[in-house]
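Trainee: I've got a structure open and I'd like to talk it through. Can we take it piece by piece?

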Amino acid sequence: MANDSNQSAQASTALPIHIQGLTKRYGQMYALDSVDLEIRSGEFLTLLGPSGSGKTTLLMAIAGFNRPDAGSIRFGDTEMILTPPHKRDVGMVFQSYALFPHMSVAENVAFPLKLRKIGAAECAERVAEALATVQLSEFGERGIDQLSGGQRQRVALARAFVFGPRILLMDEPLSALDKKLREHMQIELKHLHEKLGVTTVYVTHDQREALTMSDRIAVINDGRLAQVDTPHAIYNHPANAFVADFIGESTMLPLSRDSVGRLTFGDQAVTAEAPADAAADHLLVVRPERLFVLGAEAADPEKTIRFDGTVREFVFQGETAFALVVVDDRYELSVRFSTDSASSQNELQPGDRVSLGLHREDLITIPDSA
Ligand code: ADP
Ligand code: MG
């Protein structure tokens, strides 16, 4: 986050967003179903979910472009639900950029300042500053059709923050760019956020992008929030099967119970105690990179869960390799290895019997909601 005095002065003008009970229906369909979300002042929060999950609907509700059926949206202490978009003072980057094709780059960026009746001299100064921030100082006189996709994206961004909004909203702003440019812009946007210190709500369906950029991620599914937490916590402690499945790779194994209610896989206890949610079925979430091949020596069952299986497939992919290992003739575990050493795990063959280990501190159990 911002830490020099100049930056924190800007950051102090950022606003928190309090969303309560937000509901939006289209006919019988709930695009948003009673969403509660606290967005902190100055944070970079990403709404992450599959197509149709309600991300754009939520962002547009914050911007004021749609009217929810119920609920509250406060910016700081001020209720906004009835405030029209142009009075919310929010910067917005649309997926399509929505630039004005007949205006130059500088005119596009100046547009929100003109709307706010900012004088010509100040306007020119602010436009120059915004273009410098997005590294387009030399491009002010160009037409939009003379720009690459990445440059258009920067113009849309400059136009969104040039007037000093306290909230910045972005709807899949990088989705039209190729992979390399997209990854470059992810880092640039992150730095821009640090510089501006503005409360930012960012929409993507790309879990890697969300993990890369965010202070916190709100995972949304079918108009409901599935989990809101830091990238680290979302990945390492998914709250439910949807989050475990949507973020990162995983295999989910059904767990049983022993006589005292502890969760078990085969004859191994997975938990030290019965889970709080005593009635529910549970799943073990196994991440491919957390599994490792056990050598000839027996692993300490106090520290390690063991899976005995047969290699079905082994694929070398350069810096990593992965194997599919069938356990109990039923469950296919995906295992990912780093290939930087010539260890025995680089020589797995289909049909090999293999024992995989998983450290107990890497165990993730979730209720099976299905
Ligand atoms: P996302 O941005 O996550 O892809 P949206 O917020 O655009 O999802 O849409 C959520 C759901 O609401 C989808 O099922 C979509 O079809 C529906 N929806 C969105 N806008 C409208 C609209 N104007 N009229 C009817 N249904 C809509
Ligand atoms: Mg959308």
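What follows is a short chat about this predicted model.

Trainee: Which helix gives the most to the largest nonpolar core?

Mentor: Start with the core itself: it has 37 residues, and Val109, Val127, Val155, Leu157 and Leu189 have the most contacts inside it. Helix 3 (105-115), helix 4 (120-133), helix 5 (149-161), strand 7 (167-171) and helix 6 (179-196) each supply at least two of its residues. The top giver, with 6 residues, is helix 5.

Trainee: How many residues are in the other core, the one with Ile62 and Val90?

Mentor: That core lies apart from the largest one, and Ile167 and Val201 are also among its members. Its count is 28 residues.

Trainee: Are helix 5 and helix 6 roughly parallel or roughly antiparallel?

Mentor: Check the angle: the two helices pack at about 15°, with their axes 12 Å apart. Angles under 35 degrees count as roughly parallel. So helix 5 is, relative to helix 6, roughly parallel.

Trainee: By class, how many nonpolar residues are in the contact of helix 5 with helix 6?

Mentor: On the helix 5 side, Leu157 and Phe161 are among those taking part, and helix 6 brings residues including Leu181, Met185 and Leu189. There are also 3 polar and 2 charged residues in this contact. The nonpolar count is 7.

Trainee: Is Pro288 buried or exposed?

Mentor: Pro288 sits in the loop between strand 15 (282-286) and strand 16 (292-293), and touches residues including Glu249, Ser334 and Arg336. Its relative accessible area is 3%, and buried means under 20%. So Pro288 is buried.

Note on methods. Residues numbered from 1 in each chain as written. Chains lettered and ligands numbered in written order. Predicted model: local features only at pLDDT ≥ 70, side-chain atom pairs only at ≥ 80, totals over all residues. Heavy atoms only, no water. Helix = DSSP H or I, 4+ residues; strand = E, 2+ residues; numbered from the N terminus. Buried < 20%, exposed > 50% of the residue type's maximum accessible area, 1.4 Å probe, protein only. Contact = heavy atoms within 4.5 Å. Core = buried A, V, L, I, M, F, W, Y, C linked by side-chain atoms within 4.5 Å. Axes fitted to C-alpha atoms, helices over the stretch in contact; angles between N-to-C directions. Parallel < 35°, antiparallel > 145°, perpendicular 65-115°, else oblique. Nonpolar A, V, L, I, M, F, W, Y, C, P; charged D, E, K, R; others polar. Lists of a residue's contacts leave out its neighbours within four places in sequence.
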